[in-house]
Amino acid sequence: MSAPEKPADYVVVGAGPAGCVLAARLSEDPDCQVVLIEAGGRDWNPLLGVPLMTGLILRSAYANWSYVTEPEPQLNGRRTQWARGKVLGGSSSIHGMVYMRGLPIDFADWAARGLTGWSYDEVLPYFLRSENSHRGGSAFHATGGPLTVSAGRLDNPLFQVYLQAAQQAGHPKSDDFAGPSPHGAGAYDFTIRNGRRVSAASAYLRQALHRPNLRVVTQAQALCLNWDANGRVQGVDVLHRGEKITLRAEREVLLCGGAVNSPQLLMLSGIGPAAALQAQGLPVRMDLPGVGQGLQDHLLVRVEHRALGGVTLDRLRRVDLAAWALFKAMVWGTGPATSFPLEVGGLYKSSPDLAQPDLQSHFLPALSSAALRLPYFSKVLPQDRGAGFFANVFQLRPESTGAIELASADPLAHPRIRPGYLSAPQDLVVLREGVKRLREVFAQPAFNAWRGVELAPGPKVQSDTDIEAWIRATADTVYHPTSSCRMGGTADPMAVLDNQCRVRGVAGLRVVDASSLPRVTSGNTAAPVYMLAERIADVLRGRLSL
């Protein structure tokens, strides 16, 4: 894990999903020298592998950049916490493990934006390449890929209650959200194997670490891109364990820092909106106004009920039960801690007139607090509120956009994050209708034996105005930031990247991560990033021409 002494062919900056994929795939060629750097440490902590620990890890400072947004005007001036992984595997090591590809309409939109080579039919083979699915091989799934995709345990009776209630409310049943009929209620797939989290590090990187042509450098934060005399990016300056070093790339630097870190490093290196760079005293090497702009994220709210009966996961707040569940998960890979508990949900329509679903929901048989109580995390755990259940809902394709901006020319300072939630007025309407869809589900006969009083929004919140006010007061991130360095066609003046993820006007540099997505996809965002990196790896190896 020490710093390399000679130039590599590629320097990959950031060991999140995209960085791990690129490092693993490029190093399959023994003649290709690859260096992968990560600002965080190794993913050695066994707690990272326990699926039910996710809620606590996200709320802790461990392996986390712990970003905080600027006050959001449409959320009553509230700041939101943005958990981003700072560890091998990146956010795939700390976030939820739901496997969602998005919908075909997302990639049709990419193609319509002038992105040749990114239609649904063209990206599907790369979803399949990455996947080792419990569903077996078919037109929509594959086996043999690095990324294990498994079914949930579905051993809590409330999961079946939710699915039955959703159908009673008029929603169809979906057997596969990545299949031909994703609209409706169904069970999610997860990147979990034998009761353990499957991160980008465990799926891709671990099998490649033995290769002599791959070097992984942890505790190495990128400070600035390094340029040659001809204006080509030739490497990156890095702070490695207190020492500044330069890592050189003979072919390209591949920036995989994510939707926050990638635009920040570009701007620190003089690539971005000229006026903003000059305001920070930075030289302008390439005036690209789209860097940091177009940021998108999913915004959710939760409808909660008190639960009747003792079947919810809230019982795991007891120290003895929590410790036993954690022990079983870590030692034998069994028990309730081995699943990510948002096991069922649905893709719904805010209006029956829509051709495609525009809402996503996850159901959890517990109140919206972390399920395990450990001393390390005691400060982030809310007070015990008894037993309950909730479902969240968020808009799949919001119109609102925000920005990543430099707060300082200091590369160790966090940037300003302005998500722009609900800046497009229609987004509030869609989310409001989503609350109504969840209330309709919970009002169905299937829940009669289990449903207690509504805790949130609460019985007093009924009118559209009241619901909208409650959304502004309580809505929170789903941790799906994208599109702050987006790919775009030649007609898109704000596109930072071409259809091969090359930075416009800059030689030797690509950005390959969630920031590259033209807009946020319809669902959880890890799977599209795996696909993106698999596809660009083929481009770099000369196997694909876009």
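This passage describes the cysteines and one open sheet of a predicted model.

With a disulfide taken as a pair of cysteine sulfur atoms within 2.5 Å, the count of disulfides in the model comes to zero. For Cys20, the closest cysteine sulfur belongs to Cys256 and lies 9.2 Å away, which is too far for a bond. Cys485 is likewise in no disulfide, the nearest cysteine sulfur, that of Cys501, being 10 Å away. Both residues are enclosed by the protein in terms of accessible area: Cys20 is buried, with a relative accessible area of 0%, and Cys485, at 0% relative accessibility, also counts as buried.

Turning to the sheet, three strands are arranged in the order β18-β23-β24, and they form an open sheet with antiparallel pairing. The edges are occupied by β18, which spans residues 293-295, and by β24, which spans residues 416-418; each of these has a single partner strand, so one side of each is left without a neighbour in the sheet. From one strand to the next, the twist averages 35 degrees.

Within this sheet, the pairing of β23 (residues 402-405) with β24 is antiparallel and extends over three bridges. At the level of individual residues, Ala403 has Arg418 of β24 as its bridge partner. The sheet is also accompanied by a helix, since α7, comprising residues 258-268, lies across β18, β23 and β24, and the direction of α7 relative to β23 corresponds to an angle of about 50 degrees.

Note on methods: Residues are numbered from 1 along each chain as its sequence is written. This is a predicted model: local features need pLDDT of at least 70, side-chain atom pairs count only at pLDDT 80 or more; totals for chains, interfaces and linings use all residues. Side-chain values use heavy atoms; hydrogens and water are left out. Buried means under 20% relative accessible area, exposed over 50%, partly exposed in between (1.4 Å probe, protein chains only). Two strands pair if DSSP finds at least two bridges between them. Helices (H or I, at least four residues) and strands (E, at least two) are DSSP runs, numbered from the N terminus. Axes are lines fitted to C-alpha atoms, for helices over the stretch in contact, and angles run from 0 to 180 degrees between N-to-C directions. Contact means heavy atoms within 4.5 Å.
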